[in-house]
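This report describes one chain and its ligand site. The structure is shown first, and the description follows under short headings.

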Amino acid sequence: MKVHVKQIECAGHGQCALLAPEVYELDDDGFCATGDVDVTPELEDPAALGAASCPAQAIELIEA
Ligand code: SF4
């Protein structure tokens, strides 16, 4: 699975990094600093949890 964070749509809520810090990182201003990343199978559940929590729907999950 791949994660794609549409950074232009990120509103800096921080929910992704709060719920899945092993996948999502915030920058110093609280916006998601994660861009496009490959997610290992063991991190797919946290990646999906973080994506579902994003109020801005800025996180896209792409099945490999
Ligand atoms: S939850 Fe969404 S809006 Fe908030 S920091 Fe993460 S990507 Fe950005």
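## Burial and overall dimensions

A residue is called buried if 20 or more other C-beta atoms lie within 10 Å of its own, exposed if 12 or fewer, and partly exposed in between. By this count, 27% of the 64 residues of the chain are buried. The model is predicted.

The radius of gyration of the chain is 10 Å, which agrees with the value near 11 Å for a compact globule of 64 residues. Along the principal axes, the C-alpha atoms fill a box of roughly 30 × 20 × 15 Å.

## Order of elements

The chain holds two helices and three strands. Read from the N terminus, the order is β-α-β-α-β. Of the contacts between residues at least 6 apart in sequence, 65% join residues at least 24 apart.

## The sheet

The three strands form an open sheet in the order E2-E1-E3, with antiparallel pairing. E2 and E3 are the edge strands, each pairing on one side only. On average, neighbouring strands of the sheet are turned by 20° against each other, direction ignored. Helix H2 packs on this sheet and touches E1 and E3, and its direction makes about 145° with that of E3.

Two sets of bridges hold E1 in its place in the order. E1 is joined to E2 by three bridges, and the two strands run antiparallel. Lys2 stands opposite Asp38 in E2. With E3, which spans residues 59–62, E1 pairs over four bridges, again in the antiparallel sense. Here Val3 has Leu61 as its bridge partner in E3, and His4 has Glu60.

## The two faces of strand E1

In a regular strand, side chains alternate between the two faces of the sheet. Strand E1, residues 2–5, shows this alternation. Val3 and Val5 point to one face and are buried, while Lys2 and His4 point to the other and are not buried.

## Thr40 and Pro46

Which element or loop holds Thr40? Thr40 lies in the loop between strand E2 (36–38) and helix H2 (44–53). Thr40 has 10 other C-beta atoms within 10 Å, so it is exposed; the limit for this class is 12 or fewer. Although Thr40 and Met1 are 39 residues apart along the chain, their C-alpha atoms are separated by 7.1 Å.

Pro46 is placed in helix H2. It is partly exposed because 17 other C-beta atoms lie within 10 Å, a count between the limits for exposed and buried. Leaving aside residues up to four places away in sequence, Pro46 touches Ala20, Glu22 and Val23. From Pro46 to Tyr24 the C-alpha distance is 9.4 Å, with their positions 22 residues apart in sequence counted as separation.

## The ligand shell

Which residues come nearest to the ligand? Of the 15 residues around the ligand, these are Cys10, His13, Cys16, Cys32 and Cys54. The shell divides into 11 nonpolar residues, four polar residues and no charged residues.

Notes: Residues numbered from 1 in each chain as written. Predicted model: local features only at pLDDT ≥ 70, side-chain atom pairs only at ≥ 80, totals over all residues. Rg over C-alpha atoms; globule rule 2.2 N^0.38 Å. Contact = placed C-beta atoms within 7 Å. Near = placed C-beta within 6 Å. Nonpolar A, V, L, I, M, F, W, Y, C, P; charged D, E, K, R; others polar. Pairing = 2+ DSSP bridges. Axes fitted to C-alpha atoms, helices over the stretch in contact; angles between N-to-C directions.
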